[in-house]
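Subject: Structure for you to look at

Hello,

Here is the structure I said I would pass on. Please open it beside this email and follow along.

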Amino acid sequence: MKHTHYNHSNSGILMSPMFTKFHGKKMPLRNSFVVFILMLLFSCQEDAVAPVKEPNPLMGYLESFLEEAEKRGVEIDTSGLVLVLVDVVYPGASLCGLGNKRLPGLPPEVRICKICACWVNGTSYYRNELLFHEFGHALLGRLHDNGKLPNGSKKSIMNESASGSSFWQGEERLKYYIDELFDPSTPVPDWAK
Ligand SMILES: [Zn+2]
């Protein structure tokens, strides 16, 4: 990340004769107050030149994924995770999202296409399911699973097509699909028999 460094020595304040004189003499209370205010001002200025850090718009999805993991006693290592909204997820491919698991020397990575119709027009169910699918690749190391449940429904949201339909059909189904994401051996639920 780019960081704009503000160099105190360039301000001239710390090296100014006025300041050094204060060190040699007994400093009156009023003057020490002025120096304090000056230091405050300059520390404020330092903040002012630092780049404004935009909140990551995908952070809420990660937080909710981590909450679900915690409920199920699954520990997730998010160190170094790259979580970004980009114009192109992968050059030459029209992908809505991409999840790469941690590899030696490479952090886990989730990229979502912010200008693609799937994301722009996607419902909250779709967006949630997409992010959970990509976290499945990136943070759980899961591969695609196009299996079906006995009633023909998708076995997993790790299905190649994340349509949002699995997260959309009520609490009971949502719970199954999240259970299955963290534990692929989750038994077939009653509604799918
Ligand atoms: Zn996938």
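**Confidence**

The protein chain has an average pLDDT of 81, and 74% of the residues score at least 70; pLDDT is the predictor's confidence in each residue, from 0 to 100. This is a predicted model, in which local features need pLDDT of at least 70 and side-chain atom pairs count only at pLDDT 80 or more, while totals for chains, interfaces and linings use all residues. Residues are numbered from 1 along each chain as its sequence is written.

Confidence is lowest in helix α1 (residues 8–11), with a mean of 34, and highest in α4, at 97. Over residues 1–25 the pLDDT is below 50, and this stretch has 17 contacts in the model beyond near neighbours in sequence. Two residues are in contact if their C-beta atoms, placed from the backbone, lie within 7 Å. Where pLDDT is low, the predicted coordinates should not be read in detail.

**Overall layout**

The protein chain has eight helices and three strands. Helices (H or I, at least four residues) and strands (E, at least two) are DSSP runs, numbered from the N terminus. Starting at the N terminus, the order of elements is α-α-α-α-β-β-β-α-α-α-α.

Of the 193 residues in the protein chain, 20% are buried. A residue is buried if 20 or more other C-beta atoms lie within 10 Å of its own, exposed if 12 or fewer, and partly exposed in between, with C-beta atoms placed from the backbone. Among contacts in the protein chain with a separation of 6 or more, 60% are between residues 24 or more positions apart.

**The sheet**

The three strands form an open sheet in the order β1-β3-β2, with mixed pairing; two strands pair if DSSP finds at least two bridges between them. β1 (82–86) and β2 (97–100) are at the edges with a single partner strand each, so one side of each has no neighbour in the sheet. From one strand to the next, the twist averages 10°. Axes are lines fitted to C-alpha atoms, for helices over the stretch in contact, and angles run from 0 to 180 degrees between N-to-C directions.

β2 and β3 (residues 109–113) run antiparallel and are joined by four bridges. The bridge partner of G97 in β3 is I112, and L98 stands opposite R111 in β3. Side chains alternate along β2: G97 and G99 point to one face and are buried, whereas L98 and N100 point to the other and are not.

Which helix packs on the sheet, touching β2 and β3? It is α6 (residues 124–140), and its direction makes about 25° with that of β2. H137 lies in α6 and is buried, with 20 other C-beta atoms within 10 Å. H137 and G99 are 38 residues apart in sequence, but their C-alpha atoms are 5.2 Å apart. Leaving aside neighbours within four places in sequence, H137 is in contact with G99, N100, K101 and R142.

**The core**

The largest nonpolar core has 22 residues, and those touching the most other members are V110, L131, F132, F135, I157, Y177 and L181. A nonpolar core is a set of buried Ala, Val, Leu, Ile, Met, Phe, Trp, Tyr and Cys residues joined through C-beta atoms within 7 Å. Two or more residues of this core come from each of α4, β3, α6 and α8, and α6 gives the largest share, seven residues. Outside its neighbours within four places in sequence, I157 is in contact with E129, F132, H133, A162, S166, Y177 and L181.

**Helices α4 and α8**

The 12 residues of α8 (residues 171–182) reach 17 Å from first C-alpha to last, close to the 16 Å expected at 1.5 Å a residue. The expected span is 1.5 Å times one less than the number of residues in the helix. For the 13 residues of α4, the expected span is 18 Å, and the end C-alpha atoms are 18 Å apart, which agrees. After α4 comes G73, whose phi is positive, near 70°.

In α8, Y176, Y177, I178, E180 and L181 are buried. The buried residues of α8 pack against α4 (59–71), α6 and α7 (165–168).

Q169 lies in the loop between α7 and α8. Is Q169 buried or exposed? Q169 is partly exposed, as 14 other C-beta atoms lie within 10 Å.

Regards
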